[in-house]
Number of protein chains: 2
Amino acid sequence: MSVTIKDIARKLGITHSSVSRALNGKPGVSPELRRKILETARQMGYTPNAMARGLVTRQSMTIAFIVPDFANPFFVEIAHAVNSTASARGFTTIMCDNQWDHEEELKQIRLMAEKRVDGIIIKSFGEDDSYLLDLGIPVVKLNPATSPDLSSIDVDNVLGAYLATEHLIQCGYQNIAFIGSHTDTQTFSDRFQGYARALSHYLRTVDARLVCQGEYTHESGARCYDQLLATGVPFDAALCENDMIALGVYDRAMRDKKKIPEEFGLIGYDDMFFAGLPMTQLTTMAQPKQKIGVKAAHLLLDLITHPDKTKQRHLVYKPELIVRKTTRPI
Amino acid sequence: MSVTIKDIARKLGITHSSVSRALNGKPGVSPELRRKILETARQMGYTPNAMARGLVTRQSMTIAFIVPDFANPFFVEIAHAVNSTASARGFTTIMCDNQWDHEEELKQIRLMAEKRVDGIIIKSFGEDDSYLLDLGIPVVKLNPATSPDLSSIDVDNVLGAYLATEHLIQCGYQNIAFIGSHTDTQTFSDRFQGYARALSHYLRTVDARLVCQGEYTHESGARCYDQLLATGVPFDAALCENDMIALGVYDRAMRDKKKIPEEFGLIGYDDMFFAGLPMTQLTTMAQPKQKIGVKAAHLLLDLITHPDKTKQRHLVYKPELIVRKTTRPI
DNA sequence: ATGAAAGCGCTAACAT
DNA sequence: ATGTTAGCGCTTTCAT
């Protein structure tokens with residue numbers, strides 16, 4: 001068994017409350033006794049028990065970060081920012097990945113509640129947030145806010161997709177496909193909406209045969225490209241819901257010996273790290289991932305540490321088009 | 001405040017020990033009472049307090065996964081496997097990333113000890129493992145074992161680098177550079193050793209001017225390439241300590257209009273997901289990441305749940321060369 | 001089958 | 001400045 005404050009107290013012939021005070025830097029201990037306590041604690045190899053402390057303070061100094069999929073580098077980057085920020089403020093982050101499984105997501109939330117995390121940052125994909133509200137702890141959603149009682153940090157996906165599509169049109173591409181993921185995600189419908197708006201604003205209404213759905217993987221992107229091809233409807237450009245998908249499309253277009261960007265234009269989304277690599281050079285819509293992660297963490301921690309002073313915030317960042325080599329010059 | 005078992009007990013006019021028994025599926029509660037308890041717990045919105053439980057059971061049902069850098073996809077993939085495996089067995093994983101900072105690493109270990117994690121999986125980069133041994137909990141190192149009291153799962157890096165270098169030689173490259181990371185890591189020295197062995201076995205001893213060190217990033221790889229170039233010593237191939245580095249080298253070689261693989265051969269390490277993409281097609285040395293993660297988690301959890309039945313294990317996996325387009329056919 | 005009581009390691013009033 | 005006491009919410013003997 002490990003050393004407790006009582007062990008230290010016994011060894012020194014004092015009470016454990018003095019030890020607690022000393023160890024926590026609280027007033028009410030004479031300098032010399034404090035020194036002795038610290039010294040003894042050190043040499044006895046004392047390690048405070050966070051569970052015991054948390055039980056009485058009602059704080060676990062832990063937050064949860066829940067996202068659908070850590071195979072997606074986008075979430076990993078945000079996770080990293082969250083983790084560093086939280087860590088710098090003394091909090092530990094537990095990261096959860098639920099493979100787009102709603103049941104699993106609920107289980108994780110429940111488990112985090114049992115662990116008594118002090119707050120949650122979540123990219124959820126369901127509609128219903130009641131279970132988040134019931135938790136009674138601060139929650140920052142990485143989705144558009146559905147309830148004023150939850151905070152949210154988001155990027156304007158409609159705008160992003162609109163701008164990307166607009167760019168493709170201005171580049172002179174005529175038949176622009178949209179290749180996305182699950183229909184039931186907010187992200188999909190927002191980006192699709194932006195795409196549809198730009199299309200009907202500049203060209204014509206959406207041709208449903210030019211819309212394809214799958215997953216957030218390059219395999220899925222490749223598959224969608226092939227499906228699109230199979231329909232026989234011509235297309236000379238594609239807006240992809242994210243860079244992974246775009247990569248798969250890129251691959252297939254190269255296989256078909258299409259000249260990029262001359263004969264085929266391609267825009268991804270998220271500016272994942274490989275998008276900027278020399279061999280990729282993918283035009284993409286960038287989101288301020290770093291900012292999102294840092295801000296989400298700070299917001300959540302503020303909500304935790306001074307709930308009153310922090311106003312519930314709902315931030316919406318703007319995405320930014322990064323033009324590289326997969327779209328032809330305007 | 002949230003609902004406790006005492007609240008449930010009070011409401012039902014019974015003791016909290018019965019509630020505890022019922023909730024934990026332990027014997028000693030009549031079927032009907034159990035049913036009533038479960039029902040009441042549900043409708044009162046009871047959520048067990050893991051900290052309180054952990055305090056008495058001396059189990060947190062949590063493990064820690066500590067690696068130098070989550071910007072490295074290699075670690076992310078392993079983390080993912082660890083996380084899923086642990087989760088399936090009812091354990092939560094806390095992931096820590098310490099930016100190759102040894103002080104930070106120690107801090108994290110200490111913090112995890114305070115949280116009373118039940119075990120640790122760690123890719124450590126120091127020499128001294130005494131602080132890990134002192135913890136008194138199971139530890140699985142993702143490095144070669146330094147102490148018989150720690151378990152370890154590792155891949156033979158010397159062999160891997162040897163095989164890669166051998167391949168480059170068999171392809172007919174004459175002047176093979178080694179581009180790596182920090183000198184002080186075990187990984188570096190192992191892979192360098194494999195490189196050196198193959199070189200002196202087949203060609204000649206290592207030319208120190210063809211060895212360059214930096215970090216695990218493509219920027220660093222590019223920088224090293226330029227440095228190598230600046231020395232004026234000719235080189236027509238490079239073995240990189242990982243794929244990120246190789247990417248940077250790839251970039252620069254393309255910039256210099258070198259024909260790959262005709263004029264310049266390149267081998268990476270780790271088979272990160274982008275290595276296999278059509279636009280990359282990097283020859284690389286693959287490690288069984290999935291296997292490592294899953295095995296590490298299982299081993300650790302076995303060590304935790306039945307310490308006696310599990311023998312301390314030291315596994316060494318074999319790496320596998322994946323030949324793609326950055327090395328010319330033999 | 002149920003209840004009573006002790007205690008996990010700690011913090012925080014409240015005494016002294 | 002130090003000690004005493006009472007929990008935090010839970011599991012676990014030990015009685016009944």
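Me: How far is a phosphate oxygen of DNA strand C from a polar backbone atom of B:S30?
Reply: First, this is a predicted model, where local features need pLDDT of at least 70, side-chain atom pairs count only at pLDDT 80 or more, and totals for chains, interfaces and linings use all residues; side-chain values use heavy atoms, with hydrogens and water left out. Residues are numbered from 1 along each chain as its sequence is written, while chains are lettered from A and ligands numbered from 1 in the order in which they are written. A polar contact is a pair of N or O atoms within 3.5 Å (within protein, one must be able to donate a hydrogen and the other to accept it, and residues adjacent in sequence count only if both atoms are side-chain atoms). For B:S30, the distance from its polar backbone atom to that phosphate oxygen is 2.7 Å.

Me: Which residue has a side-chain N or O atom 3.1 Å from a base oxygen of DNA strand C?
Reply: B:R58 uses a side-chain N or O atom too, but its partner, 2.6 Å away, is a phosphate oxygen of DNA strand C. The residue with a base oxygen as its partner at 3.1 Å is A:H16.

Me: What share of the atoms of DNA strand C within 4 Å of the protein belongs to sugar or phosphate?
Reply: Here a residue is near a strand if one of its heavy atoms lies within 4 Å of it. There are 29 residues around DNA strand C, and among those that come nearest are A:S20, A:K26 and B:R58. On the DNA side, bases make up the rest, and the sugar or phosphate share is 70%.

Me: How many charged residues does the surface near DNA strand C have?
Reply: Ala, Val, Leu, Ile, Met, Phe, Trp, Tyr, Cys and Pro count as nonpolar, Asp, Glu, Lys and Arg as charged, and the others, Gly among them, as polar. Sorted that way, this surface has 10 nonpolar and 14 polar residues, and the charged ones number five.

Me: Which residue has a polar side-chain atom 3.0 Å from a base oxygen of DNA strand D?
Reply: Three side chains are worth a look. A:T15 puts an N or O atom 2.8 Å from a phosphate oxygen of DNA strand D, and A:R21 has one 2.9 Å from a base nitrogen. The base oxygen at 3.0 Å goes with A:S17.

Me: Which elements give two or more residues to the surface near DNA strand D?
Reply: Helices (H or I, at least four residues) and strands (E, at least two) are DSSP runs, numbered from the N terminus. Both protein chains take part: the elements are helix 2 and helix 4 of chain A together with helix 2 and helix 4 of chain B.

Me: Why is one side of strand 2 and of strand 11 in chain B left without a neighbour in the sheet?
Reply: Two strands pair if DSSP finds at least two bridges between them. In chain B, the order 2-1-3-4-5-11 makes an open sheet of six strands with parallel pairing. Strand 2 (92-97) and strand 11 (314-317) stand at the edges, so each has a single partner strand.

Me: Which residue in strand 11 of chain B stands opposite B:D154?
Reply: Strand 5 (residues 151-155) and strand 11 of chain B pair in the parallel sense over four bridges. Across from B:D154 in strand 11 is B:V316.

Me: How much does the twist average from one strand to the next in the chain B sheet ordered 7-6-8-9-10-12?
Reply: This open sheet has six strands and mixed pairing. Its edge strands, strand 7 (211-213) and strand 12 (320-322), each pair on one side only. From one strand to the next, the twist averages 20 degrees.

Me: At about what angle does helix 9 of chain B run to strand 6?
Reply: Axes are lines fitted to C-alpha atoms, for helices over the stretch in contact (heavy atoms within 4.5 Å), and angles run from 0 to 180 degrees between N-to-C directions. Helix 9 (residues 186-202) lies across strands 6, 7, 8 and 9 of chain B, and its angle to strand 6 is about 175 degrees.

Me: Which residue does a cis peptide bond join to A:I260?
Reply: Omega for this bond is about 10 degrees. The partner sits in the loop between helix 11 (243-255) and strand 9 (265-269) of chain A. Its name is A:P261.

Me: How far apart are the C-alpha centres of domain 1 and domain 3 of chain A?
Reply: Chain A is divided into domain 1 (1-47), domain 2 (52-155 + 291-317) and domain 3 (157-286), with bounds from an automatic or database domain assignment. Between the centres of domains 1 and 3, the distance is 63 Å.
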